[in-house]
Structure formats: C-alpha cells, structure tokens
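Me: I would like to go through a model with you and ask, point by point, what each label rests on.

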Amino acid sequence: MKKNKYLILTILWMLFIFMMSQTPGNDSSKQSNFIVDIIIHILPITRDTLSFIVRKCAHMTEYAILTFLLYKTFVHKQNPLIKSFLFTVLYACSDEFIVGGAFYSR
C-alpha cells in the first residue's frame, strides 16, 4: 500500500486539476478574487494585473504539486525527475487541448 500511496494521490490530484479546468471563467475569477481582495490592499498594483498574476500562480502551483507527486511515484524508476516533468507537461498540454475546445465545448 505504501508504494501505491503516491500513485493514488497523483491520480486524485490529476482529477482535481481536471475538475478545476472545467470551472467556468466567471466562477474561477470569483475564486481568485478572494485572494486579490486581500493582496490589493498591500501592493500598489492594478486589480486586473494582480488577478492575472494570482491565476497564473495558481496554475503553476497545481502543476508543481503534480510534478512532486509524480516524482514520489517514480522515485524508484530511472530518471524520476525527467519522467515527472515530462508527464506533467504532457498532462498540462492535454488539459489545455481538452478545455481549449477540441473535445469539450461549453
């Protein structure tokens, strides 16, 4: 079971990313606006710019966590970091491809 722990967490995280990708833009903006409202009082930056930064940081964090989980899954394989990074890039591309409209229409 211990060997499969990271595999299970990885699959769950991939499902989380996929579900978050299906969230309509307005709902996603509402989620990020919570953080924006906190930070806007601290930094002298426009709301639109800050919202963009928060959303991009959220994406990077999602995929950094996926890379970490994949690394822990592949740790006993050859070149686990390279495999983790490549798998994450492929997953991100497939997610953008699906959400971008090739298979999914809103």
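Reply: What follows is a set of questions and answers about this predicted model.

Me: What makes up the secondary structure of the chain, and in what order do the elements run from the N terminus on?

Reply: The chain has 4 helices and 0 strands, and from the N terminus on its elements read α-α-α-α.

Me: How do you know how far to trust the chain, and where is confidence lowest and where highest?

Reply: The mean pLDDT of the chain is 86, with 89% of the residues at 70 or more. Confidence is lowest in helix 2 (residues 25–39), where the mean is 80, and highest in helix 3, where it is 92.

Me: Why does the span of helix 3 (residues 47–74) agree with what its number of residues should give?

Reply: The expected span is 1.5 Å times one less than the number of residues, and for the 28 residues of helix 3 this comes to 40 Å. The end C-alpha atoms of helix 3 are 40 Å apart, so the two values agree.

Me: Why is L66 called buried or exposed, and where does L66 lie?

Reply: L66 lies in helix 3, and its relative accessibility is 0%. Buried means under 20%, so L66 counts as buried. The buried residues of helix 3 also include V54, E62, Y63 and F74, while in the chain as a whole buried residues make up 24% of the 106 residues.

Me: How far apart are L66 and S84, in sequence and in space?

Reply: L66 and S84 are separated by 18 residues in sequence, and their C-alpha atoms are 8.3 Å apart.

Me: What makes R47 and D37 a salt bridge?

Reply: The rule asks for a side-chain nitrogen of Lys or Arg within 4 Å of a carboxyl oxygen of Asp or Glu, and the closest N and O atoms of R47 and D37 are 2.6 Å apart, so the pair forms a salt bridge. R47 belongs to helix 3 and D37 to helix 2, so the pair ties together parts that are 10 residues apart in sequence. A search of the whole structure finds 1 salt bridge.

Me: Why are R47 and D37 called buried, exposed or partly exposed?

Reply: Partly exposed is the class between the limits of 20% and 50%; R47, with a relative accessible area of 38%, is therefore partly exposed, and D37, at 35%, counts as partly exposed too.

Me: How many disulfides are there, and how accessible are C57 and C93?

Reply: A disulfide needs a pair of cysteine sulfur atoms within 2.5 Å, and by this rule the count is 0. C57 is partly exposed, at a relative accessible area of 35%, and C93 is partly exposed as well, at 47%.

Me: Which residues make the nonpolar surface patch, and why can I8 belong to a patch?

Reply: The patch, of about 510 Å², is made by L7, I8, L9, I11, L12 and L15. A patch residue needs over 30% relative accessible area, and I8, which lies in helix 1 (residues 2–21), meets that part of the rule because its relative accessibility is 40%.

Me: What is the phi of N79, and where is N79 found?

Reply: Phi of N79 is near 55 degrees, a positive value in a residue other than glycine. N79 is found in the loop between helix 3 and helix 4 (80–102), and with a relative accessible area of 43% N79 is partly exposed.

Note on methods. Residues numbered from 1 in each chain as written. Heavy atoms only, no water. Helix = DSSP H or I, 4+ residues; strand = E, 2+ residues; numbered from the N terminus. Buried < 20%, exposed > 50% of the residue type's maximum accessible area, 1.4 Å probe, protein only. pLDDT = per-residue confidence, 0-100. Patch = residues over 30% accessible without salt bridge, like charges linked within 9 Å, V, L, I, M, F, W, Y side chains within 5 Å. Areas by Shrake-Rupley, 256 points an atom, 1.4 Å probe, with all protein chains shown as cover.
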